[in-house]
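Here is a short report on selected sites of one protein model. Look at the sequence and the structure before reading on.

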Amino acid sequence: MRIFVTGVGGQLGHDVMNELARRGQDGVGSDIQPLYSGVTDGSAVTTAPYVQLDITDADAVEHVLTEAHPDAVIHCAAWTAVDAAEDADQVEKVRAINAGGTRNIAAVCKALDCKMIYISTDYVFDGQGTEPWQPDCRDYRPLNVYGQTKLEGELAVSELLEKYFIVRIAWVFGRNGKNFIRTMLNLGKTHDTIRVVNDQIGTPTYTYDLARLLADMVETEKYGYYHATNEGGYISWYDFTKEIFRQAGYATNVIPVTTAEYGLSKAARPFNSRLDKSKLRAAGFAPLPTWQDALARYLNELNGE
């Protein structure tokens with residue numbers, strides 16, 4: 001099976017390429033950089049076929065994908081700088097990537113009659129209430145530009161294709177890039193006390209584990225909307241930080257604060273990022289391990305760098 005992966009310079013795309021290689025799948029990676037720009041750790045992603053691709057260029061997308069002629073596309077590429085997306089001079093660029101680029105890929109997938117997995121986000125919802133969001137919920141009310149443009153990408157995929165998976169994730173961490181865990185570890189080394197919000201609730205997603213699920217998924221025809229985060233229960237960023245420091249052996253004091261007390265960022269954040277994942281089990285997919293276990297494995301990986 002030939003699988004084309006976008007965004008391999010990022011956390012998830014990196015791990016997807018390595019997972020495909022472990023399974024003996026024919027993976028082709030792409031990103032906007034002329035050469036692969038991620039972690040050069042000797043893993044399969046550094047030796048796999050790589051193609052430069054600007055997904056906002058419809059002609060380039062058509063040429064590259066038609067030439068690769070994949071059986072499936074796993075679309076990980078996205079603008080993910082949530083606060084920067086709010087800048088007036090960046091909004092159209094964000095939309096061109098998250099919405100337009102996704103539509104470009106979906107259109108070629110339709111022409112080639114190949115499957116597509118689109119990686120989306122809890123930010124398509126308004127983050128209110130306490131009930132977990134269901135994957136087939138259509139009560140969309142994104143709070144910021146990032147969420148709105150990712151929703152527009154979802155709509156493009158669902159409008160153009162029948163053979164698609166839309167997988168919403170949250171609180172992502174992986175080896176190949178910046179993330180919350182790395183930030184907290186760096187702060188813990190230099191601060192005796194830090195303040196972390198405790199009124200935003202969700203569950204972390206380890207890209208290594210998610211990549212396994214996506215590789216399982218793309219081999220099936222169980223199309224539709226899914227939510228995928230690690231198991232282990234819903235937590236706040238404060239809870240997550242406490243466990244990061246506990247496992248890392250840091251004595252840093254963590255003070256819980258509300259979002260209002262912490263201070264407003266450019267982009268509004270959802271308070272409720274609880275994603276219901278029961279549809280995964282119902283479809284026969286193995287759930288991801290607990291986030292506590294994922295954190296332990298990730299910290300071990302960082303210690304090996």
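The sections below cover aromatic pairs, some buried residues and a pocket.

## Basis

The model is predicted. Every value below is computed from it.

## Aromatic pairs

The whole structure holds 18 aromatic pairs. One of them joins Phe180 and Trp237, with ring centres 4.5 Å apart. Their planes meet at 45 degrees, so this pair is tilted. Phe180 belongs to helix α5 and Trp237 to helix α7. The two residues are 57 residues apart, and their pair links distant parts of the chain.

Accessibility separates the two partners. Phe180 has a relative accessible area of 22%, so Phe180 is partly exposed. Trp237 has 14% and is buried. The cut-off for buried is under 20%.

Trp237 also pairs with Phe240. Here the centres are 6.4 Å apart and the planes are at 40 degrees, which is again a tilted pair. Both residues sit in helix α7. They are three residues apart, about one turn of the helix. Phe240 is buried, at 1% relative accessibility.

## The ring cluster

Which residues do ring pairs link into a cluster? The members are Trp171, Phe173, Phe180, Tyr206, Tyr208, Trp237, Phe240, Trp291 and Tyr298. Two of these, Phe173 and Tyr298, return in the sections on Phe173 and Asn179.

## Phe173

Phe173 lies in strand β7. Is Phe173 buried or exposed? Its relative accessibility is 1%, so Phe173 counts as buried.

Leaving out residues up to four places away in sequence, Phe173 touches a long list of partners. Among them are Gln11, Asn179, Ile181 and Pro204. Thr205, Tyr206 and Thr207 are also on the list. So are Phe240, Ala294, Leu295 and Tyr298. Arg138 gives a distance reference: 35 residues away along the chain, its C-alpha atom is 27 Å from that of Phe173.

## Asn179

Asn179 is in the loop between β7 (172–173) and α5. Its relative accessible area is 7%, so Asn179 is buried.

What does the side chain of Asn179 reach? A polar atom of this side chain lies 3.0 Å from the backbone oxygen of Gly174. The side chain also makes a polar contact of 2.9 Å with the side chain of Tyr298. Beyond neighbours within four places in sequence, Asn179 is in contact with Gln11, Val172, Phe173, Gly174 and Tyr298. Gln11 and Tyr298 are in contact with Phe173 too.

## Thr121

Thr121 is a residue of strand β5 (residues 115–121). Thr121 is buried, at 4% relative accessibility.

Its side chain has a polar contact of 3.3 Å with the side chain of Asp122. The side chain of Thr121 also reaches the backbone nitrogen of Tyr123, at 3.0 Å. Apart from neighbours within four places in sequence, Thr121 contacts Tyr146, Lys150, Arg168 and Ile169.

## Thr149

Thr149 is part of helix α4 (residues 145–160). At 0% relative accessibility, Thr149 is buried.

Which side chain makes a polar contact with that of Thr149? The partner is Asn98, at 3.1 Å. With residues up to four places away set aside, Thr149 touches Val94, Arg95, Asn98, Ala99 and Tyr118. Asp199 is 50 residues from Thr149 in sequence. The C-alpha atoms of Thr149 and Asp199 are 25 Å apart in space.

## The second largest pocket

How much space lies in the second largest pocket? The volume is about 260 Å³. The lining has 12 residues. Closest to the pocket centre are Leu185, Tyr250, Leu299, Leu302 and Asn303.

Three elements each give two or more residues to the lining: α5 (180–190), α7 (237–248) and α10 (291–303). Helices α5 and α7 are also the elements joined by the Phe180 and Trp237 pair. By class, the lining has five nonpolar, four polar and three charged residues.

Methods: Residues numbered from 1 in each chain as written. Predicted model: local features only at pLDDT ≥ 70, side-chain atom pairs only at ≥ 80, totals over all residues. Heavy atoms only, no water. 1 Å grid on protein atoms, 1.4 Å probe; cavity = no way out; pocket = protein on both sides within 12 Å on 5 of 7 lines; lining within 4 Å. Points joined across faces, edges and corners; volume = space filled by probe spheres on them. Helix = DSSP H or I, 4+ residues; strand = E, 2+ residues; numbered from the N terminus. Nonpolar A, V, L, I, M, F, W, Y, C, P; charged D, E, K, R; others polar. Buried < 20%, exposed > 50% of the residue type's maximum accessible area, 1.4 Å probe, protein only. Polar contact = N/O pair within 3.5 Å; in protein donor to acceptor, adjacent residues only side chain to side chain. Contact = heavy atoms within 4.5 Å. Phe/Tyr/Trp six-rings, centres within 6.5 Å; stacked < 30°, edge-to-face > 60°.
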